[in-house]
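Open the model in your viewer and keep the selection panel at hand. The stops below say what to pick next and what is there.

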There are 2 protein chains.
Amino acid sequence: MDIRLFPLQKHGDDRGSLIALEEGRNVPFTVRRVYYLFETKPGVRRGFHAHRDLKQLVVAVRGSCRFLLDDGREQIELLLDNPAQGLLVESMIWREMYDFSEDCVLMVLASALYDESDYIRDKAQFMALVEQEPQA
Amino acid sequence: MDIRLFPLQKHGDDRGSLIALEEGRNVPFTVRRVYYLFETKPGVRRGFHAHRDLKQLVVAVRGSCRFLLDDGREQIELLLDNPAQGLLVESMIWREMYDFSEDCVLMVLASALYDESDYIRDKAQFMALVEQEPQA
């Protein structure tokens, strides 16, 4: 699956911790949009979409949540619970997020501005599109 | 002083809250670097520098901290304690941050990659440079 979970270098000293995400270094795209999810209510499951083109780098900068990722061929479930862990999600990956901790702040760096036409919000449509793609 | 504290639109619904920072909309520069400070130890005061050119947009996405900002002519102290509040800091502003809450996550969007030559780390040198500038 076209995702990558990778460690982020923590610049820690006697003051505290700092992590930097930089274009061309650990971010493989130009960042056009940064958004963050917070105050997520208990029991909420969100996401339920894929992107035609958008690439995203996701970090749980506080707290934790779980991801379900599906490229139409396999499903992966993973826990983001570490501000020093980045999750790169390429295009055409269905995602659902759940089990948000009360304090979770999920930060997302995105390669384009918001564009509703880039979203695929219907799972059956997503599966049909994936089946049309040539196999890697 | 060339700073701006401004509200960020919170997209809240029955799932939780989302805030988006977008190039050309509420971010007046291309984001080359995103960094976050966390696990800051009690009593720490950090910053103690100005930037020759770098522009930054700062958000306390969790918790709170205080800023001292100084452009060489006036000083402003302010509290960042709201994920729906953005602080834009232009170039040539001396900054110190302190009173970090235990849970504080301070997110910073920056207009350039890290470049040590852009930093002014000596307050006297900063004051001398500001005095050479033409008055607005």
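Select Glu22(A) and Arg33(B). Their side chains make a polar contact at 2.7 Å. This is a predicted model, so read every distance here as computed from it. Add Arg25(A) to the selection: Glu22(A), Arg25(A) and Arg33(B) are linked in a network of salt bridges. Glu22(A) sits in strand β3 of chain A. Is Glu22(A) buried or exposed? Its relative accessible area is 9%, so Glu22(A) is buried, the cut-off for that class being under 20%. Now show what surrounds Glu22(A). Beyond its sequence neighbours up to four places away, Glu22(A) touches Val27(A) in its own chain, and Arg32(B), Arg33(B), Leu113(B) and Tyr114(B) in chain B.

**Across the chains**

Stay with Arg32(B). Which residue does Arg32(B) pair with in a salt bridge? The partner is Glu23(A), with the closest N and O atoms 2.7 Å apart. Arg32(B) is in the loop between β3 and β4 of chain B, and Glu23(A) is in the loop between β3 and β4 of chain A, so this pair joins two chains. Arg32(B) is partly exposed, at 30% relative accessibility.

Zoom out to both chains. Chain B superposes on chain A by a rotation of 180° with 0.0 Å of shift along the axis, and the RMSD is 0.0 Å. That is the relation of a two-fold axis. To find the axis from chain B, select Val31(B): its C-alpha is the nearest to the axis in that chain, at 2.9 Å. Both copies use the same surface, as 100% of the contact residues of chain B recur in chain A.

**The nonpolar core**

Select Leu21(A) and Leu21(B). These two have the most contacts inside the largest nonpolar core, which has 36 residues. Colour the elements that give two or more residues to this core. In chain A they are β3 (17-22), β4 (33-38), β6 (56-62) and β11 (105-110). In chain B they are β3 (16-22), β4 (33-38), β6 (56-62) and β11 (105-110).

Expand around Leu21(A), leaving out residues up to four places away in sequence. Within chain A, Leu21(A) touches Leu8(A), Asn26(A), Val27(A), Leu57(A), Val59(A), Met107(A) and Leu109(A). From chain B, Arg32(B), Arg33(B), Val34(B) and Tyr36(B) touch Leu21(A).

Next, Leu37(A), in strand β4 of chain A. Leu37(A) counts as buried, at 2% relative accessibility. Past its neighbours within four places in sequence, its contacts include Arg46(A), Met97(A), Phe100(A) and Cys104(A), and also Ser17(B) and Leu18(B) from chain B. For scale, draw a C-alpha distance from Leu37(A) to Val130(A): 28 Å, with their positions 93 residues apart along the chain.

**A buried leucine in chain B**

Go to Leu87(B) in strand β9 (residues 85-89) of chain B. Leu87(B) is buried, with a relative accessible area of 0%. What is in contact with Leu87(B) beyond four places in sequence? Among them are Ile3(B), Leu5(B), Phe6(B), Leu57(B), Val58(B), Phe67(B), Leu69(B), Leu78(B) and Leu80(B). Arg4(B) and Gln56(B) also belong to that list.

**More charged pairs**

The whole structure holds 22 salt bridges over all chains. Select Arg121(A) and Glu116(A) for one of them, at 2.7 Å from N to O. Arg121(A) is partly exposed, with a relative accessible area of 44%. Glu116(A) is partly exposed too, at 38% relative accessibility.

Then take Glu96(B) and Arg45(B), a salt bridge whose closest N and O atoms are 2.9 Å apart. Glu96(B) is in strand β10 (residues 94-98) of chain B and Arg45(B) in the loop between β4 and β5 (46-51), so the pair ties together parts that are 51 residues apart in sequence. Glu96(B) is buried, at 9% relative accessibility, whereas Arg45(B) is partly exposed, at 35%.

**Last stop: an unpaired aspartate**

Select Asp118(A), in the loop between β11 and β12 (119-120) of chain A. Asp118(A) is buried yet has no salt bridge. How far away is the nearest side chain of opposite charge? That side chain is Arg52(A), at 5.8 Å, and a salt bridge needs nitrogen and oxygen within 4 Å. Look at the backbone instead: the nitrogen of Asp53(A) lies 2.8 Å from a polar side-chain atom of Asp118(A). Outside its neighbours within four places in sequence, Asp118(A) is in contact with Ala50(A), His51(A), Arg52(A), Asp53(A) and Leu54(A).

Technical notes. Residues numbered from 1 in each chain as written. Chains lettered and ligands numbered in written order. Predicted model: local features only at pLDDT ≥ 70, side-chain atom pairs only at ≥ 80, totals over all residues. Heavy atoms only, no water. Core = buried A, V, L, I, M, F, W, Y, C linked by side-chain atoms within 4.5 Å. Buried < 20%, exposed > 50% of the residue type's maximum accessible area, 1.4 Å probe, protein only. Helix = DSSP H or I, 4+ residues; strand = E, 2+ residues; numbered from the N terminus. Contact = heavy atoms within 4.5 Å. Lys, Arg positive; Asp, Glu negative; His and termini not counted. Polar contact = N/O pair within 3.5 Å; in protein donor to acceptor, adjacent residues only side chain to side chain. Least-squares fit on C-alpha atoms with pLDDT ≥ 70 in both.
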